[in-house]
Amino acid sequence: MRRFRRVAVVAMVAALTATGLVACGGDGDDAGDANVLKLWHYESANSAMGIAWDRAIEIFKEEHEGVEVRFERKAFEQIQQNAGMIINSSEGPDIMEYNKGNATSGLLSSQGLLADLTEEATKRGWDKALSPSLQTTARYDNGVMGSGNWYGVPNYGEYVMVYYNKELFAEHGVKVPTTMAEFTAAMDTFVAKGVTPLGMSGAEYPAGQLFYQLALSKADRAFVNNYQLYTNPVDFKADPVKYGAETFADWVGKGYIAKNSASLKAEDMGTAFMSGKAPMIVSGSWWYGRFKSEIKFDWDSFLFPGNTMHAGSSGNLWVVPETSKAKNLAYDFIDITLRPEIQALIGNNGGVPVSGDPASISDEKDRRLVENFNNISSQDGLAFYPDWPVPGYYDVLVSGFQSLINQSKTPDQVLDAIAKPYQDGVAEIKRD
């Protein structure tokens, strides 16, 4: 699959170049010279990153007199679908936000379309500012993340946690759990009161992420490296994967998860929590800002009890196209986004800075969000996401864990169903 996509992108660029729709290089175009920095990202203006990066642009202009910043806000899909063609043309940016991972930044790096940032990472201290697990998504070797040279730099993070309704916890006499035993005891209390404790979505990513959190409760960095980076083969019929699937099914059987949630979307799960119907959901920091602005009751979050490894990663990356003629300006802008002022802006607006100082975060809930991420990151506890290892694996996991929620398959059958696509995908990647 990976080889096909590489050939397809290169062929498409060549075809469009021949017709004149895309002009390679950039000669004669001032978008890449030292007096212009062309910058693209797809964050909304009122998001934590959008607010912080607007300020970073202001600082950049103050410190680079005579340099014009040409900022364009692009749709996520525009960059996701056309990045290879765009950055290989004179119409492309000098720096842009792009998705981390093998199928995106890794693919473009393997095609020689992204500038190698390794020397800058060392010179400017990015390698010291980012923890090892955060660096994983910045570094690629022949398109595979985790080692090799730097091809991007993140300045925000994300992670999966447990959001909870403090009012429902108080009403039913439930305390915030800190161990798995306390977590299951809390859910037993809700079930005894006729309340389904965990909101869930079986038709999209949340079910797979809960499975992964459960597997990670029995995992270490070696497992994550095996699963995500192909260091060693993964046995899907052994722990921690086996434990994750069997415990997920057990939680459905005990009423912790509603069987009718198999057909629900992530939005259904989120709105159910926001309406006060679900005591808890297990999901990512990407919900945080929306919950903060829309929820009317008292709520908060805590880390998945007992885990040292957690689903999560860096956020998306700043990447610099190899064709850029303003590389030094692009590197200066990346530097600014990692400064304490910009990191604090991300944190004070509901985002997760990669090197944020909790003392600079004024809101207690925002501070806890940052503290928990720092705790995970400092322990090298970011384990990425379950669908990352091979192309197309997201749909495989959704189908598998829908089957556990509606009880149409046993855990053993689901493990068989998710093992083969993983193993075939890894084999294809290694052949490439």
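This briefing covers the domains, one covered helix, the salt bridges and a few single residues of the structure above. The model is predicted. The domain assignment splits the chain into domain 1 (37-156 + 315-356) and domain 2 (160-312 + 387-430). The structure holds 25 salt bridges, but across the interface of domain 1 and domain 2 the count is zero.

**Domains and their interface**

- Each domain is assembled from two stretches of the chain: 37-156 and 315-356 make up domain 1, while 160-312 and 387-430 make up domain 2.
- Taken over C-alpha atoms, the centres of domain 1 and domain 2 are 30 Å apart.
- On the domain 1 side, 10 residues are in contact with nine residues of domain 2.
- About 720 Å² is buried between domain 1 and domain 2, and carbon and sulfur atoms give 72% of this area.
- Val144, Met145 and Gly350 supply 49% of the area that domain 1 buries against domain 2, which is more than any other three residues supply.
- No salt bridge is found across the interface of domain 1 and domain 2.
- One residue pair is in polar contact between domain 1 and domain 2, with both residues at pLDDT 80 or more.
- The side of domain 1 that touches domain 2 consists of three nonpolar residues, six polar residues and one charged residue.

**Asparagine 102**

- Asparagine 102 lies in helix H4, which covers residues 102-110.
- Asparagine 102 counts as buried because its relative accessibility is 6%, and the cut-off for buried is under 20%.
- A polar atom of the side chain of asparagine 102 lies 2.7 Å from the backbone nitrogen of methionine 145.
- Met145 is also one of the three residues named above for the area that domain 1 buries against domain 2.

**Helix H10**

- Helix H10 spans residues 206-216 and is mostly covered, with 11 of its 11 residues buried.
- The buried residues of H10 include the aromatic-ring residues Phe211 and Tyr212.
- Also buried in H10 are Leu210, Leu214 and Leu216, along with Gln209 and Gln213.
- Pro206, Ala207, Gly208 and Ala215 complete the list of buried residues in H10.

**Salt bridges**

- Aspartate 412 pairs with lysine 237 in a salt bridge whose closest N and O atoms are 3.2 Å apart.
- This pair links distant parts of the chain, 175 residues apart: aspartate 412 is in helix H19 (residues 411-431), and lysine 237 is in the loop between helix H11 (221-229) and helix H12 (241-253).
- Both partners are partly exposed, aspartate 412 with a relative accessible area of 42% and lysine 237 with 36%.
- Glutamate 246 and lysine 242 form a salt bridge, with their closest N and O atoms 3.1 Å apart.
- Glutamate 246 and lysine 242 are separated by about one helical turn because they are four residues apart in helix H12.
- An α-helix has 3.6 residues a turn, so residues three or four places apart point the same way.
- Glutamate 246 is partly exposed at a relative accessible area of 37%, as is lysine 242 at 27%.
- In the salt bridge of aspartate 250 with lysine 254, the closest N and O atoms are 3.3 Å apart.
- Aspartate 250 has a relative accessible area of 35% and is partly exposed; lysine 254, at 44%, is partly exposed too.
- A network of salt bridges links Glu120, Lys123, Arg124, Asp332 and Asp335.

**Phenylalanine 302**

- Phenylalanine 302 sits in strand S11, residues 299-302.
- With a relative accessibility of 7%, phenylalanine 302 counts as buried.
- Phenylalanine 302 and valine 162 are 140 residues apart along the chain, yet their C-alpha atoms are separated by 5.3 Å.
- Residues up to four places away in sequence aside, phenylalanine 302 touches Met161, Val162, Tyr164, Phe169, Val176, Pro177, Phe183 and Met280.

**Alanine 326**

- Alanine 326 is found in the loop between strand S13 (317-319) and helix H15 (327-337).
- Although in a loop, alanine 326 counts as buried, at 3% relative accessibility.
- From C-alpha to C-alpha, alanine 326 is 41 Å from tyrosine 212, and the two are 114 residues apart in sequence.
- Tyrosine 212 belongs to the buried residues of H10.

Terms used: Residues numbered from 1 in each chain as written. Predicted model: local features only at pLDDT ≥ 70, side-chain atom pairs only at ≥ 80, totals over all residues. Heavy atoms only, no water. Domains from an automatic or database assignment. Contact = heavy atoms within 4.5 Å. Buried area = accessible area lost by both parts, 1.4 Å probe. Salt bridge = Lys/Arg side-chain N within 4 Å of Asp/Glu carboxyl O. Polar contact = N/O pair within 3.5 Å; in protein donor to acceptor, adjacent residues only side chain to side chain. Nonpolar A, V, L, I, M, F, W, Y, C, P; charged D, E, K, R; others polar. Buried < 20%, exposed > 50% of the residue type's maximum accessible area, 1.4 Å probe, protein only. Helix = DSSP H or I, 4+ residues; strand = E, 2+ residues; numbered from the N terminus.
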